[in-house]
Amino acid sequence: MNPVIALVGRPNVGKSTLFNRLTKTRDALVADFPGLTRDRKYGTGKVGGKPYTVIDTGGISGDEEGIDLMMAGQSLAAIDEADIVLFMVDARAGLNMADEAIANHLRVNQKKTWLVVNKTDGMDEEIGKSDFWTLGLGDPRAIAAEHGRNVTTLLEEVLSPY
Ligand code: GDP
Ligand code: MG
């Protein structure tokens with residue numbers, strides 16, 4: 001089975017934009033995947049000849065009461081289903097309390113997690129990443145999902161063990 005990549009993060013960080021780029025569609029076909037639910041969107045793609053499945057956790061509205069509820073449901077389910085978690089944050093918005101709460105969960109989870117700083121187009125990558133080292137999830141990776149900056153390189157690296 002393809003390695004499964006879950007896109008996790010608070011609303012508006014660019015998860016769906018990255019999903020669409022990784023699946024090269026605006027509304028991916030739903031992949032044939034066990035335990036499929038309507039609230040998570042599944043797609044497939046390929047980089048360097050390696051196929052992958054990607055999950056967009058589009059249904060976190062941000063209106064949930066507290067982090068437990070926000071992380072409950074589909075976000076946790078997507079993390080469970082994934083081999084790799086791309087935890088996305090927003091370079092323009094900077095560090096946010098919701099980011100910290102999600103990071104706390106991911107740090108104790110056993111899944112391989114990459115900290116992905118999106119929206120670094122038109123800004124120095126080091127400055128874009130600087131807020132996020134404190135999350136304790138290793139080296140932040142700067143991308144711009146909308147423009148494709150560093151996206152292929154990141155995916156190749158993420159998939160290198162597969
Ligand atoms: P989601 O809620 O995490 O799925 O976020 P979306 O993918 O819906 O994106 C939220 C907003 O951020 C949209 O207006 C996107 O156009 C914008 N956005 C996404 N990626 C980028 C990026 O790389 N650069 C910039 N400047 N904006 C982006
Ligand atoms: Mg979305």
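**Helix α1, ligand 1 and the strands around β3**

In this predicted model, helix α1 gives the most to the shell around ligand 1, contributing 3 residues. In total, 16 residues surround the ligand, and the closest are Gly 14, Lys 15, Ser 16, Thr 17 and Glu 146. By character, the shell around ligand 1 comprises 8 polar residues, 4 charged ones and 4 nonpolar ones.

Helix α1 itself spans residues 15–23, and its buried residues are Lys 15, Leu 18, Phe 19, Arg 21, Leu 22 and Thr 23. Lys 15 is thus a buried residue of the helix as well as one of the closest residues to ligand 1. The buried residues of α1 pack against four strands, namely β1 (4–8), β2 (41–47), β3 (50–56) and β4 (84–90), and against helix α6 (151–158). Just after α1, the backbone at Lys 24 adopts a positive phi of about 50°.

Among the strands that meet α1, it is worth pausing at β3. Of its 7 residues, 5 are buried, so β3 is largely enclosed by the rest of the structure. Pairing is found with both β1 and β2. With β1, strand β3 pairs in the parallel sense over 4 bridges; here Ala 6 has Ile 55 of β3 as its bridge partner. With β2, the pairing is antiparallel and runs over 7 bridges, and Lys 41 has Asp 56 of β3 as its bridge partner. Strands β2 and β3 form a hairpin with 2 residues between them, where Gly 48 takes a positive phi near 55°.

Terms used:
Residues numbered from 1 in each chain as written. Chains lettered and ligands numbered in written order. Predicted model: local features only at pLDDT ≥ 70, side-chain atom pairs only at ≥ 80, totals over all residues. Buried ≥ 20, exposed ≤ 12 C-beta atoms within 10 Å, placed from the backbone. Contact = placed C-beta atoms within 7 Å. Near = placed C-beta within 6 Å. Nonpolar A, V, L, I, M, F, W, Y, C, P; charged D, E, K, R; others polar. Pairing = 2+ DSSP bridges.
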